[in-house]
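User: Could you take a close look at the aromatic rings in this model and at the parts of the chain that surround them? I would like one connected account, with the reasoning shown where a classification depends on a cut-off.

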Amino acid sequence: MRKLIASTFTSLDGVMQAPGGPTEDPTGNFTLGGWLFAFETQGWIFLRQVPMVRIDIVLGRKTYEIFEAYWPYESENDPIARTLNAAKKHVASRTLKSLQWNNSSVLGGDIVSAITALKVQPGHDLQIIGSGNLIQTLQAASLIDEYNVWTYPVILGRGKRLFENGARPGALRLVASKVSTSGVLMSTYVPAGDIPLASLSQAEPSAKELTRRAKMATDAT
C-alpha cells in the first residue's frame, strides 16, 4: 500500500493560509499573505530532492486552482515546475468536472472512499500539498501516514490552521527534524496511536485541590 503524505508550511501558531502571496487566499480578510518569503523557501526542498516520477499529488480544489494558474506558466528550467507539471494530480472537488492542467483528474463523490481506493492501487506515494480542508477530512478518517510540517518563526494570529477545532485526537512520533539557518523547523511526523494520558495528581489531594476541582467542574459547564 502506498503512503499518503501531507506536506505544508505553517506559522508558529499553526496558520497555513496564503504563505505564497497576498492574493493567494485572502479569505476572511486575511492580510498577511506571503509570510513565507521573509525566510529562505527551504520548505520546497522535498520537491527539489524527489525525482518527478516518484510522487503522485493530491490537491484540494482551492489549492489546485492556485497551482493551475501558476505552475504551467513557469519555465521548465524550474525543478519545482517540472515536478508539479509532470506528476499525476488527483483533485478533490465536488464542483470541478474537467481539468485543464495536464495529468490531472477529479476525485469526485466520497473523497474518503476515493483516497482509500487510491492508496491500495500500485504506484508512487501520494503527496498532499497545502489543501487544508482536504487534510482536515483525511486526518479525521485516519488516512494520512506521514506529516511534513515546516514551521516558520512567525505568529499570524488568525487564518486557516493546519488542525482546526474538531481534528481527530491522536499522538504523533517525530521521525526527522532539521532547522534552517533562518529558524524554519522542518519536521516529519507519523501517527503513533492514541494519546497516552497521565496525571500529576496527588494520591490524597488537599482540601484546596478538591475545592479547585469543584470550581473547574462548574466553570466547564
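Analyst: A convenient place to start is N103, which has a relative accessible area of 43% and is therefore partly exposed, since that class lies between the 20% limit for buried and the 50% limit for exposed. The model is a predicted one, and every value below is computed from it. N103 belongs to the loop between strand 3 and strand 4, and its phi is near 65°, a positive value in a residue that is not glycine.

The loop between strand 3 (89-92) and strand 4 (104-107) also holds W101, which brings us to the rings. A pair of aromatic rings is described by how far apart the centres are and by the angle between the planes. With a limit of 6.5 Å between ring centres, the count comes to 6 aromatic pairs. In one of them, the centres of the Y64 and W101 rings are 5.9 Å apart and the planes meet at 45°, so the pair is tilted, an angle of under 30 degrees being needed for stacked and one of over 60 for edge-to-face. Y64 sits in helix 2 (residues 61-68), and the two partners are 37 residues apart, so that the pair links distant parts of the chain. Both Y64 and W101 are buried. W101 has a further partner of another kind, as the charged end of K89 sits over its ring, 4.4 Å from the ring centre.

Helix 2 deserves a closer view here, because Y64 is one of its buried residues, together with T63 and F67. Looking down the axis of helix 2, one finds its buried residues within an arc of 100°, so they line one face of the helix. The elements that cover these buried residues include strand 2 (55-60), helix 3 (79-86), strand 3, strand 4 and strand 5 (125-129). Helix 2 also takes part in an open region of the model: along with strand 1, helix 1 and helix 5 (132-140), it supplies at least two residues of the lining of the largest pocket. That pocket encloses about 1200 Å³ of space, and among its 47 lining residues those that lie nearest its centre are K62, T63, I66, G130 and S131. T63 thus appears both among the buried residues of helix 2 and among the residues nearest the centre of the pocket.

Helix 5, which likewise contributes to the lining, has G132, L134, I135, Q136, L138 and Q139 as its buried residues. These pack against strand 1, strand 2, strand 3, helix 4 (111-120), strand 5 and strand 6. After helix 5 comes S142, with a positive phi near 60°.

Strand 6 (residues 146-152) leads back to the rings, since Y147 lies in it and pairs with F163, which is placed in the loop between strand 6 and strand 7 (172-179), 16 residues away. The centres of the Y147 and F163 rings are 5.8 Å apart with planes at 65°, so this pair is edge-to-face. The burial of the two partners can be stated separately: Y147 has 6% relative accessibility and therefore counts as buried, whereas F163, at 37%, counts as partly exposed.

There is also a cluster to add to these pairs, as F9, W35, W150 and Y152 form one aromatic cluster. T151, a residue of strand 6, is buried because its relative accessibility is 18%, below the 20% limit. Beyond its neighbours within four places in sequence, T151 touches T10, S11, L12, G183, V184 and L185.

For the wider setting, the protein has 6 helices and 8 strands, which run β-α-β-α-α-β-β-α-β-α-β-β-β-α from the N terminus. Of its 221 residues, 40% count as buried, and among contacts with a separation of 6 or more, 67% join residues 24 or more positions apart. The Y64 and W101 pair, with its separation of 37 residues, can be read against that background.

How values were computed. Residues numbered from 1 in each chain as written. Predicted model: local features only at pLDDT ≥ 70, side-chain atom pairs only at ≥ 80, totals over all residues. Heavy atoms only, no water. Helix = DSSP H or I, 4+ residues; strand = E, 2+ residues; numbered from the N terminus. Buried < 20%, exposed > 50% of the residue type's maximum accessible area, 1.4 Å probe, protein only. Lys NZ or Arg CZ within 6 Å of the ring centre and 35° of its normal. Contact = heavy atoms within 4.5 Å. Arc of directions from axis to C-beta. 1 Å grid on protein atoms, 1.4 Å probe; cavity = no way out; pocket = protein on both sides within 12 Å on 5 of 7 lines; lining within 4 Å. Points joined across faces, edges and corners; volume = space filled by probe spheres on them.
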